[in-house]
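Colleague: Please take a close look at one part of this model, the place where the two chains meet. Which parts of the chains are involved there?

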Number of protein chains: 2
Amino acid sequence: MERKQEISKAVVQRLPRYYRNISELKAEGVQRISSRALAARMGLTASQIRQDFNCFGGFGQQGYGYNVEKLMEELGSILGLPAGRTAILIGAGNLGRALLNNFDFTASGFVLLCAFDANPDIVGRRFGGHEVRPIDTLYTFLDQYKPDVAVLALPRRLAPEMARDLVDHGICGLWNFTGEDLHLEGLGVPVENVHLSDSLMTLCHLIHMHTKK
Amino acid sequence: MERKQEISKAVVQRLPRYYRNISELKAEGVQRISSRALAARMGLTASQIRQDFNCFGGFGQQGYGYNVEKLMEELGSILGLPAGRTAILIGAGNLGRALLNNFDFTASGFVLLCAFDANPDIVGRRFGGHEVRPIDTLYTFLDQYKPDVAVLALPRRLAPEMARDLVDHGICGLWNFTGEDLHLEGLGVPVENVHLSDSLMTLCHLIHMHTKK
(Lines give C-alpha, C1' and ligand atoms only; values in the text may rest on other atoms or scores of the structure.)
Protein backbone atom coordinates (compact mmCIF):
# COMPACT_ATOMS: atom_id res chain seq x y z
CA MET A 1 0.00 0.00 0.00
CA GLU A 2 1.32 3.41 -0.93
CA ARG A 3 1.46 6.19 1.63
CA LYS A 4 0.36 9.43 0.05
CA GLN A 5 2.22 11.65 2.49
CA GLU A 6 4.07 11.71 5.78
CA ILE A 7 1.46 10.85 8.41
CA SER A 8 0.82 13.73 10.81
CA LYS A 9 1.08 13.18 14.55
CA ALA A 10 -2.59 14.06 14.99
CA VAL A 11 -3.63 11.32 12.57
CA VAL A 12 -1.32 8.82 14.25
CA GLN A 13 -2.98 9.62 17.58
CA ARG A 14 -6.37 8.78 16.07
CA LEU A 15 -5.18 5.47 14.57
CA PRO A 16 -5.56 3.31 17.70
CA ARG A 17 -9.07 4.69 18.14
CA TYR A 18 -9.95 3.72 14.58
CA TYR A 19 -8.40 0.30 15.09
CA ARG A 20 -10.31 -0.23 18.33
CA ASN A 21 -13.66 0.74 16.81
CA ILE A 22 -13.08 -1.34 13.69
CA SER A 23 -12.15 -4.41 15.72
CA GLU A 24 -15.31 -3.94 17.79
CA LEU A 25 -17.35 -3.77 14.58
CA LYS A 26 -15.70 -6.96 13.39
CA ALA A 27 -16.52 -8.66 16.70
CA GLU A 28 -20.13 -7.50 16.26
CA GLY A 29 -20.23 -9.26 12.89
CA VAL A 30 -20.31 -6.09 10.77
CA GLN A 31 -18.72 -6.69 7.34
CA ARG A 32 -18.78 -3.21 5.85
CA ILE A 33 -19.46 0.29 7.07
CA SER A 34 -19.87 3.72 5.49
CA SER A 35 -17.72 6.64 6.58
CA ARG A 36 -20.95 8.28 7.80
CA ALA A 37 -21.91 5.36 10.07
CA LEU A 38 -18.35 5.06 11.37
CA ALA A 39 -18.33 8.81 12.02
CA ALA A 40 -21.58 8.63 14.02
CA ARG A 41 -20.20 5.78 16.11
CA MET A 42 -16.95 7.60 16.85
CA GLY A 43 -18.26 11.14 17.29
CA LEU A 44 -16.32 12.41 14.27
CA THR A 45 -17.42 13.76 10.89
CA ALA A 46 -17.48 11.57 7.77
CA SER A 47 -15.17 13.98 5.95
CA GLN A 48 -12.66 13.80 8.80
CA ILE A 49 -12.57 10.02 8.48
CA ARG A 50 -12.22 10.09 4.70
CA GLN A 51 -9.44 12.65 5.03
CA ASP A 52 -7.58 10.59 7.65
CA PHE A 53 -7.85 7.37 5.67
CA ASN A 54 -6.68 9.18 2.53
CA CYS A 55 -3.36 9.76 4.30
CA PHE A 56 -2.77 6.02 3.97
CA GLY A 57 -3.93 5.73 0.40
CA GLY A 58 -7.65 5.38 1.28
CA PHE A 59 -9.33 2.06 1.99
CA GLY A 60 -12.91 2.70 0.85
CA GLN A 61 -14.87 2.30 -2.35
CA GLN A 62 -17.32 4.92 -3.54
CA GLY A 63 -20.87 3.77 -2.73
CA TYR A 64 -19.71 0.70 -0.85
CA GLY A 65 -17.96 2.04 2.21
CA TYR A 66 -15.19 0.24 4.01
CA ASN A 67 -14.60 -3.49 4.21
CA VAL A 68 -14.26 -4.00 7.98
CA GLU A 69 -11.88 -6.95 7.85
CA LYS A 70 -9.59 -5.38 5.27
CA LEU A 71 -9.62 -2.06 7.11
CA MET A 72 -8.67 -3.74 10.37
CA GLU A 73 -5.83 -5.56 8.63
CA GLU A 74 -4.51 -2.39 7.00
CA LEU A 75 -4.75 -0.28 10.16
CA GLY A 76 -3.10 -3.06 12.15
CA SER A 77 -0.26 -3.21 9.67
CA ILE A 78 0.28 0.56 9.84
CA LEU A 79 0.26 0.33 13.64
CA GLY A 80 2.79 -2.49 13.47
CA LEU A 81 0.39 -4.76 15.37
CA PRO A 82 0.72 -8.07 13.51
CA ALA A 83 4.30 -8.41 14.71
CA GLY A 84 3.23 -10.37 17.83
CA ARG A 85 5.40 -8.35 20.15
CA THR A 86 6.29 -9.47 23.65
CA ALA A 87 6.23 -7.42 26.84
CA ILE A 88 7.28 -7.59 30.46
CA LEU A 89 6.06 -5.51 33.38
CA ILE A 90 8.37 -4.00 35.99
CA GLY A 91 6.83 -3.31 39.41
CA ALA A 92 3.82 -5.28 40.64
CA GLY A 93 2.52 -2.77 43.19
CA ASN A 94 -1.05 -1.47 43.12
CA LEU A 95 -0.85 -0.01 39.65
CA GLY A 96 1.17 -2.90 38.20
CA ARG A 97 -1.33 -5.40 39.59
CA ALA A 98 -4.27 -3.39 38.24
CA LEU A 99 -2.65 -3.68 34.80
CA LEU A 100 -1.87 -7.39 35.21
CA ASN A 101 -5.40 -8.14 36.40
CA ASN A 102 -7.37 -5.92 34.04
CA PHE A 103 -5.51 -4.85 30.96
CA ASP A 104 -5.98 -6.95 27.84
CA PHE A 105 -2.47 -6.97 26.34
CA THR A 106 -3.50 -9.52 23.73
CA ALA A 107 -6.12 -7.17 22.24
CA SER A 108 -3.32 -4.69 21.55
CA GLY A 109 -1.20 -7.34 19.87
CA PHE A 110 1.12 -8.08 22.81
CA VAL A 111 2.01 -11.20 24.71
CA LEU A 112 2.82 -10.28 28.31
CA LEU A 113 5.51 -12.75 29.36
CA CYS A 114 5.74 -12.02 33.08
CA ALA A 115 6.24 -9.31 35.71
CA PHE A 116 9.20 -8.47 37.95
CA ASP A 117 9.24 -7.07 41.47
CA ALA A 118 11.70 -6.65 44.34
CA ASN A 119 9.19 -7.37 47.11
CA PRO A 120 9.54 -10.99 48.38
CA ASP A 121 5.85 -10.95 49.47
CA ILE A 122 4.79 -10.47 45.87
CA VAL A 123 7.42 -12.52 44.03
CA GLY A 124 6.06 -15.95 43.03
CA ARG A 125 2.43 -14.82 43.06
CA ARG A 126 0.30 -14.61 39.91
CA PHE A 127 -1.97 -11.74 38.87
CA GLY A 128 -4.29 -12.11 35.90
CA GLY A 129 -2.38 -15.32 35.13
CA HIS A 130 0.99 -13.55 34.98
CA GLU A 131 3.82 -14.68 37.23
CA VAL A 132 5.82 -12.17 39.27
CA ARG A 133 9.53 -13.02 39.17
CA PRO A 134 12.34 -11.68 41.37
CA ILE A 135 13.85 -8.47 40.01
CA ASP A 136 17.39 -9.88 40.32
CA THR A 137 16.58 -12.37 37.54
CA LEU A 138 15.53 -9.56 35.17
CA TYR A 139 18.72 -9.20 33.13
CA THR A 140 19.16 -12.94 32.63
CA PHE A 141 15.56 -13.03 31.43
CA LEU A 142 16.08 -10.10 29.03
CA ASP A 143 19.15 -11.69 27.50
CA GLN A 144 17.39 -15.03 27.11
CA TYR A 145 13.88 -14.06 25.96
CA LYS A 146 14.53 -10.64 24.36
CA PRO A 147 11.10 -9.08 25.05
CA ASP A 148 10.24 -6.05 22.90
CA VAL A 149 8.54 -3.74 25.36
CA ALA A 150 8.79 -3.02 29.08
CA VAL A 151 5.83 -1.65 31.02
CA LEU A 152 7.19 0.57 33.80
CA ALA A 153 5.05 0.53 36.94
CA LEU A 154 7.85 0.87 39.48
CA PRO A 155 8.43 3.84 41.83
CA ARG A 156 9.17 7.03 39.94
CA ARG A 157 12.62 7.66 41.39
CA LEU A 158 13.84 4.32 40.03
CA ALA A 159 12.49 4.92 36.52
CA PRO A 160 15.37 6.72 34.74
CA GLU A 161 18.05 4.19 35.72
CA MET A 162 15.79 1.20 35.06
CA ALA A 163 14.86 2.61 31.66
CA ARG A 164 18.52 2.93 30.65
CA ASP A 165 19.33 -0.59 31.86
CA LEU A 166 16.39 -2.04 29.95
CA VAL A 167 17.43 -0.30 26.73
CA ASP A 168 21.00 -1.49 27.23
CA HIS A 169 19.60 -5.03 27.40
CA GLY A 170 17.70 -4.70 24.12
CA ILE A 171 14.24 -3.39 25.10
CA CYS A 172 12.97 -1.39 22.10
CA GLY A 173 10.04 0.52 23.59
CA LEU A 174 8.76 1.68 27.00
CA TRP A 175 5.19 2.04 28.22
CA ASN A 176 5.78 4.28 31.18
CA PHE A 177 3.34 4.70 34.08
CA THR A 178 5.82 6.02 36.64
CA GLY A 179 5.01 9.73 36.30
CA GLU A 180 8.59 10.45 35.22
CA ASP A 181 8.72 11.85 31.69
CA LEU A 182 11.11 9.72 29.64
CA HIS A 183 12.09 10.67 26.09
CA LEU A 184 13.22 9.01 22.90
CA GLU A 185 15.95 11.65 22.67
CA GLY A 186 17.50 10.56 25.95
CA LEU A 187 17.01 6.81 25.60
CA GLY A 188 17.12 6.08 21.89
CA VAL A 189 13.89 4.08 21.92
CA PRO A 190 10.25 5.23 21.69
CA VAL A 191 8.39 5.90 24.96
CA GLU A 192 4.71 6.35 25.70
CA ASN A 193 4.41 8.28 28.95
CA VAL A 194 1.00 7.72 30.52
CA HIS A 195 -0.14 10.53 32.79
CA LEU A 196 -3.73 9.99 33.86
CA SER A 197 -3.69 13.39 35.56
CA ASP A 198 -3.22 15.04 32.15
CA SER A 199 -6.47 13.50 31.01
CA LEU A 200 -8.33 14.74 34.11
CA MET A 201 -6.89 18.25 33.65
CA THR A 202 -7.98 18.20 30.00
CA LEU A 203 -11.48 17.35 31.19
CA CYS A 204 -11.26 20.26 33.61
CA HIS A 205 -10.36 22.60 30.76
CA LEU A 206 -13.19 21.27 28.58
CA ILE A 207 -15.73 21.83 31.37
CA HIS A 208 -14.30 25.30 31.93
CA MET A 209 -14.71 26.19 28.24
CA HIS A 210 -18.10 24.46 27.95
CA THR A 211 -19.69 26.24 30.91
CA LYS A 212 -18.37 29.65 29.80
CA LYS A 213 -20.36 29.43 26.57
CA MET B 1 -4.96 38.03 30.48
CA GLU B 2 -5.79 38.39 26.83
CA ARG B 3 -5.94 35.36 24.57
CA LYS B 4 -4.25 36.12 21.28
CA GLN B 5 -6.15 33.50 19.31
CA GLU B 6 -8.43 30.53 19.60
CA ILE B 7 -6.34 27.85 21.32
CA SER B 8 -5.70 24.85 19.08
CA LYS B 9 -6.56 21.35 20.29
CA ALA B 10 -2.90 20.33 20.05
CA VAL B 11 -1.87 23.13 22.42
CA VAL B 12 -4.69 22.28 24.82
CA GLN B 13 -3.44 18.70 24.92
CA ARG B 14 0.01 19.93 25.95
CA LEU B 15 -1.35 22.21 28.70
CA PRO B 16 -1.68 19.58 31.45
CA ARG B 17 1.88 18.45 30.72
CA TYR B 18 3.12 22.02 31.11
CA TYR B 19 1.12 22.42 34.29
CA ARG B 20 2.47 19.17 35.70
CA ASN B 21 6.09 20.04 34.97
CA ILE B 22 5.72 23.58 36.31
CA SER B 23 4.14 22.36 39.55
CA GLU B 24 7.00 19.87 39.94
CA LEU B 25 9.49 22.72 39.47
CA LYS B 26 7.64 24.73 42.10
CA ALA B 27 7.75 21.77 44.50
CA GLU B 28 11.51 21.53 43.84
CA GLY B 29 11.87 25.17 44.92
CA VAL B 30 12.64 26.56 41.44
CA GLN B 31 11.51 30.20 41.14
CA ARG B 32 12.22 30.91 37.49
CA ILE B 33 13.13 28.92 34.42
CA SER B 34 14.18 29.70 30.85
CA SER B 35 12.27 28.30 27.91
CA ARG B 36 15.45 26.39 27.00
CA ALA B 37 15.72 24.68 30.42
CA LEU B 38 12.00 23.90 30.44
CA ALA B 39 12.33 22.48 26.91
CA ALA B 40 15.22 20.20 27.94
CA ARG B 41 13.21 18.93 30.90
CA MET B 42 10.15 18.21 28.79
CA GLY B 43 11.81 16.88 25.64
CA LEU B 44 10.48 19.78 23.55
CA THR B 45 12.21 22.65 21.77
CA ALA B 46 12.45 26.12 23.30
CA SER B 47 10.74 27.67 20.28
CA GLN B 48 7.84 25.22 20.62
CA ILE B 49 7.35 26.34 24.23
CA ARG B 50 7.53 30.04 23.38
CA GLN B 51 5.07 29.50 20.55
CA ASP B 52 2.63 27.61 22.77
CA PHE B 53 2.78 30.17 25.56
CA ASN B 54 2.31 32.97 23.04
CA CYS B 55 -1.13 31.51 22.34
CA PHE B 56 -2.13 32.67 25.81
CA GLY B 57 -0.50 36.07 25.61
CA GLY B 58 2.98 34.84 26.65
CA PHE B 59 4.13 34.66 30.26
CA GLY B 60 7.87 35.23 29.95
CA GLN B 61 10.20 38.18 30.03
CA GLN B 62 13.11 38.53 27.62
CA GLY B 63 16.35 37.57 29.38
CA TYR B 64 14.56 36.50 32.56
CA GLY B 65 12.57 33.46 31.57
CA TYR B 66 9.38 32.40 33.26
CA ASN B 67 8.31 33.05 36.83
CA VAL B 68 7.37 29.55 37.98
CA GLU B 69 4.69 30.55 40.47
CA LYS B 70 3.00 33.01 38.12
CA LEU B 71 3.17 30.53 35.24
CA MET B 72 1.57 27.81 37.36
CA GLU B 73 -1.19 30.20 38.37
CA GLU B 74 -1.86 31.28 34.78
CA LEU B 75 -1.83 27.74 33.38
CA GLY B 76 -4.06 26.58 36.22
CA SER B 77 -6.51 29.35 35.47
CA ILE B 78 -6.60 28.46 31.75
CA LEU B 79 -7.18 24.82 32.70
CA GLY B 80 -9.98 25.87 35.04
CA LEU B 81 -8.17 24.21 37.95
CA PRO B 82 -8.61 26.76 40.74
CA ALA B 83 -12.35 26.09 40.80
CA GLY B 84 -11.97 23.37 43.47
CA ARG B 85 -14.18 20.93 41.64
CA THR B 86 -15.69 17.87 43.27
CA ALA B 87 -15.83 14.33 41.90
CA ILE B 88 -17.40 10.97 42.62
CA LEU B 89 -16.36 7.56 41.35
CA ILE B 90 -18.82 4.96 40.06
CA GLY B 91 -17.70 1.33 40.28
CA ALA B 92 -15.15 0.21 42.87
CA GLY B 93 -13.93 -2.93 41.11
CA ASN B 94 -10.24 -3.56 40.34
CA LEU B 95 -9.78 -0.47 38.24
CA GLY B 96 -11.91 1.77 40.47
CA ARG B 97 -9.94 0.67 43.53
CA ALA B 98 -6.63 1.23 41.73
CA LEU B 99 -7.76 4.81 41.11
CA LEU B 100 -9.04 5.29 44.67
CA ASN B 101 -5.83 3.89 46.16
CA ASN B 102 -3.29 5.48 43.83
CA PHE B 103 -4.55 8.46 41.92
CA ASP B 104 -3.90 11.88 43.42
CA PHE B 105 -7.14 13.72 42.64
CA THR B 106 -6.07 16.70 44.76
CA ALA B 107 -3.00 17.34 42.57
CA SER B 108 -5.37 17.80 39.62
CA GLY B 109 -7.53 20.23 41.57
CA PHE B 110 -10.31 17.80 42.50
CA VAL B 111 -11.83 16.72 45.78
CA LEU B 112 -13.02 13.12 45.47
CA LEU B 113 -16.10 12.93 47.67
CA CYS B 114 -16.77 9.18 47.65
CA ALA B 115 -17.30 6.12 45.48
CA PHE B 116 -20.42 4.09 44.66
CA ASP B 117 -20.81 0.39 43.98
CA ALA B 118 -23.57 -2.19 43.78
CA ASN B 119 -21.59 -5.04 45.37
CA PRO B 120 -22.53 -5.47 49.08
CA ASP B 121 -19.07 -6.95 49.77
CA ILE B 122 -17.45 -3.66 48.78
CA VAL B 123 -20.01 -1.15 50.03
CA GLY B 124 -18.95 0.38 53.35
CA ARG B 125 -15.24 -0.28 52.79
CA ARG B 126 -12.69 2.48 52.28
CA PHE B 127 -9.96 2.63 49.62
CA GLY B 128 -7.32 5.34 49.74
CA GLY B 129 -9.46 6.98 52.42
CA HIS B 130 -12.54 7.12 50.20
CA GLU B 131 -15.77 5.50 51.32
CA VAL B 132 -17.74 3.22 48.99
CA ARG B 133 -21.47 3.92 49.27
CA PRO B 134 -24.39 1.81 47.97
CA ILE B 135 -25.31 2.63 44.38
CA ASP B 136 -28.98 3.04 45.31
CA THR B 137 -28.10 6.15 47.30
CA LEU B 138 -26.40 7.76 44.26
CA TYR B 139 -29.20 10.01 43.04
CA THR B 140 -30.02 11.34 46.51
CA PHE B 141 -26.31 12.11 46.89
CA LEU B 142 -26.14 13.88 43.52
CA ASP B 143 -29.14 16.05 44.32
CA GLN B 144 -27.76 16.96 47.72
CA TYR B 145 -24.02 17.47 47.07
CA LYS B 146 -24.02 18.37 43.35
CA PRO B 147 -20.57 16.99 42.47
CA ASP B 148 -19.06 18.34 39.24
CA VAL B 149 -17.46 15.26 37.72
CA ALA B 150 -18.13 11.52 37.70
CA VAL B 151 -15.34 9.01 37.18
CA LEU B 152 -16.80 6.00 35.36
CA ALA B 153 -15.15 2.71 36.33
CA LEU B 154 -18.21 0.49 36.07
CA PRO B 155 -18.77 -2.34 33.57
CA ARG B 156 -18.86 -1.10 30.02
CA ARG B 157 -22.38 -2.27 29.18
CA LEU B 158 -23.77 -0.09 31.98
CA ALA B 159 -21.88 3.04 30.91
CA PRO B 160 -24.27 4.71 28.40
CA GLU B 161 -27.33 4.60 30.66
CA MET B 162 -25.37 5.60 33.76
CA ALA B 163 -23.81 8.52 31.87
CA ARG B 164 -27.22 9.84 30.83
CA ASP B 165 -28.62 9.50 34.36
CA LEU B 166 -25.62 11.33 35.82
CA VAL B 167 -25.96 14.20 33.36
CA ASP B 168 -29.71 14.38 34.10
CA HIS B 169 -28.77 14.81 37.77
CA GLY B 170 -26.41 17.70 37.10
CA ILE B 171 -22.98 16.08 36.49
CA CYS B 172 -21.07 18.44 34.17
CA GLY B 173 -18.17 16.25 33.04
CA LEU B 174 -17.25 12.55 32.74
CA TRP B 175 -13.87 10.87 33.14
CA ASN B 176 -14.61 7.60 31.45
CA PHE B 177 -12.57 4.41 31.97
CA THR B 178 -15.23 1.94 30.83
CA GLY B 179 -13.94 1.40 27.28
CA GLU B 180 -17.23 2.70 25.85
CA ASP B 181 -16.69 5.86 23.78
CA LEU B 182 -19.00 8.57 25.12
CA HIS B 183 -19.34 11.92 23.39
CA LEU B 184 -20.20 15.51 24.20
CA GLU B 185 -22.56 15.48 21.21
CA GLY B 186 -24.66 12.69 22.68
CA LEU B 187 -24.57 13.77 26.31
CA GLY B 188 -24.23 17.54 26.28
CA VAL B 189 -21.29 17.54 28.70
CA PRO B 190 -17.55 17.12 28.06
CA VAL B 191 -16.11 13.59 28.31
CA GLU B 192 -12.55 12.36 28.56
CA ASN B 193 -12.49 8.76 27.35
CA VAL B 194 -9.42 6.97 28.69
CA HIS B 195 -8.29 4.05 26.54
CA LEU B 196 -4.98 2.72 27.77
CA SER B 197 -4.86 0.37 24.79
CA ASP B 198 -4.67 3.38 22.47
CA SER B 199 -1.48 4.43 24.21
CA LEU B 200 0.04 0.95 23.87
CA MET B 201 -0.90 0.82 20.18
CA THR B 202 0.68 4.24 19.65
CA LEU B 203 3.86 2.86 21.22
CA CYS B 204 3.62 -0.07 18.83
CA HIS B 205 3.41 2.29 15.89
CA LEU B 206 6.34 4.37 17.14
CA ILE B 207 8.52 1.25 17.51
CA HIS B 208 7.43 0.12 14.05
CA MET B 209 8.47 3.48 12.52
CA HIS B 210 11.63 3.73 14.61
CA THR B 211 12.99 0.29 13.70
CA LYS B 212 12.23 0.81 10.00
CA LYS B 213 14.63 3.77 9.87
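Modeller: What follows describes the interface and then a pocket. The model is predicted. In it, 62 residues of chain A are in contact with 62 residues of chain B. The size of an interface is often given as the accessible area lost when the parts come together. Here chain A and chain B bury about 5300 Å² between them, and 64% of this area is on carbon and sulfur atoms.

Charged and polar pairs also occur across the interface. The rule finds eight salt bridges between chain A and chain B. A:Arg156 forms a salt bridge with B:Glu24, and their closest N and O atoms are 3.0 Å apart. Counting residue pairs in polar contact, with both residues at pLDDT 80 or more, gives 25.

On chain A, the elements that each supply at least two residues of the side touching chain B include helix H1 (9-27), helix H5 (94-102), strand E8 (173-176) and helix H9 (196-212). H9(A) gives the most to that side, with 15 residues. By class, this side of chain A has 30 nonpolar, 20 polar and twelve charged residues.

Now the pocket. The second largest pocket holds about 1300 Å³ of space. It is lined by 46 residues, and those closest to its centre are A:Leu95, A:Phe177, A:Val194, A:Leu196 and B:Leu196. Helices H1, H5 and H9 of chain A and helices H1, H5 and H9 of chain B each supply at least two residues of the lining. H5(A) gives the most to this lining, with five residues. The lining residues divide into 23 nonpolar, 15 polar and eight charged.

Methods:
Residues numbered from 1 in each chain as written. Chains lettered and ligands numbered in written order. Predicted model: local features only at pLDDT ≥ 70, side-chain atom pairs only at ≥ 80, totals over all residues. Heavy atoms only, no water. Contact = heavy atoms within 4.5 Å. Buried area = accessible area lost by both parts, 1.4 Å probe. Salt bridge = Lys/Arg side-chain N within 4 Å of Asp/Glu carboxyl O. Polar contact = N/O pair within 3.5 Å; in protein donor to acceptor, adjacent residues only side chain to side chain. Helix = DSSP H or I, 4+ residues; strand = E, 2+ residues; numbered from the N terminus. Nonpolar A, V, L, I, M, F, W, Y, C, P; charged D, E, K, R; others polar. 1 Å grid on protein atoms, 1.4 Å probe; cavity = no way out; pocket = protein on both sides within 12 Å on 5 of 7 lines; lining within 4 Å. Points joined across faces, edges and corners; volume = space filled by probe spheres on them.
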